[in-house]
Amino acid sequence: VYMSTMRFWNLSGDGLEWKVNTFIDNPHEENIVTSLAMHRTRNIVVSTSKDGTQKQWKFTAGHWTHSATLKLNCDEALCNELSDDGTVLAVGTDSCVSCVTCPG
């Protein structure tokens, strides 16, 4: 059984120490997380996995939470990138790139 963890960190107010803000066990159940993309100005992170899913995570009420899942028409999602305005997600597989509208 494959186990994975995603951790989101915050820098302390004095800028001297990193602390775990959110700890997520098995963010894609038993599938390997293949990529993460964080938007530069919006509090959005997108992860992809070997089962062809992408999950969107949002920073709400002081913690990161899962906000949406999209099953792509592919075996493995290998990489991803968010558009500058955060409305479009490009997901790469071993044979193509798909562009989808980000939920919410």
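Modeller: A residue counts as exposed when its relative accessible area is over 50%, as buried when it is under 20%, and as partly exposed in between. Please keep in mind that we are reading a predicted model.

Colleague: Thanks! Let me try that on one residue: is Ala61 buried or exposed?

Modeller: Ala61 is exposed, because its relative accessibility is 79%. You will find Ala61 in the loop between strand 5 (53-60) and strand 6 (63-71).

Colleague: What stands out in the backbone of Ala61?

Modeller: Look at phi. For Ala61 phi is near 55°, a positive value although the residue is not glycine. Glu29 is another case to look up, with phi near 55° in a residue other than glycine.

Colleague: Where does Glu29 lie, and is Glu29 buried, partly exposed or exposed?

Modeller: Glu29 sits in the loop that runs between strand 2 and strand 3 (33-38). Its relative accessibility is 47%, so Glu29 counts as partly exposed.

Colleague: Now for the charged side chains. How should I read a salt bridge, and how many are there in the structure?

Modeller: Look for a side-chain nitrogen of Lys or Arg within 4 Å of a carboxyl oxygen of Asp or Glu. The structure has three such salt bridges. We can start from the residue we just discussed: Glu29 pairs with Lys55, and 3.1 Å separates the closest N and O atoms. This salt bridge ties together distant parts of the chain, since Glu29 is in the loop between strand 2 and strand 3 while Lys55 is in strand 5, 26 residues apart.

Colleague: And why is Lys55 classed as buried?

Modeller: Lys55 is classed as buried because its relative accessibility is 7%. Its partner Glu29, at 47%, counts as partly exposed.

Colleague: Which residues form a salt bridge at 2.3 Å?

Modeller: That is the bridge between the side chains of Asp84 and Arg40, with 2.3 Å from N to O. Here too distant parts of the chain are linked: Asp84 belongs to the loop between strand 7 (79-82) and strand 8 (88-92), Arg40 to the loop between strand 3 and strand 4 (44-49), and the two are 44 residues apart. Asp84 is exposed because its relative accessible area is 60%, and Arg40 is exposed because its value is 66%.

Colleague: What is the N to O distance between Lys50 and Glu76?

Modeller: The side chains of Lys50 and Glu76 meet at 3.4 Å, N to O, in a salt bridge. This pair again joins distant parts of the chain, 26 residues apart, with Lys50 in the loop between strand 4 and strand 5 and Glu76 in the loop between strand 6 and strand 7. Lys50 counts as partly exposed because its relative accessibility is 34%; Glu76, at 30%, is also partly exposed.

Colleague: Let us turn to the nonpolar surface. Which residues make the nonpolar patch?

Modeller: To find one, look for nonpolar side chains within 5 Å that each have over 30% relative accessible area. In this model Trp9, Leu11, Trp18, Val20 and Phe23 make a nonpolar surface patch of about 540 Å².

Colleague: Which strand gives the most to the nonpolar patch?

Modeller: Strand 2 does, with three residues. Strand 1 (5-11) and strand 2 (18-25) each contribute at least two. Val20 is a good residue to select: its place is in strand 2, and it counts as partly exposed because its relative accessibility is 41%.

Definitions and conventions:
Residues numbered from 1 in each chain as written. Predicted model: local features only at pLDDT ≥ 70, side-chain atom pairs only at ≥ 80, totals over all residues. Heavy atoms only, no water. Patch = residues over 30% accessible without salt bridge, like charges linked within 9 Å, V, L, I, M, F, W, Y side chains within 5 Å. Areas by Shrake-Rupley, 256 points an atom, 1.4 Å probe, with all protein chains shown as cover. Helix = DSSP H or I, 4+ residues; strand = E, 2+ residues; numbered from the N terminus. Buried < 20%, exposed > 50% of the residue type's maximum accessible area, 1.4 Å probe, protein only.
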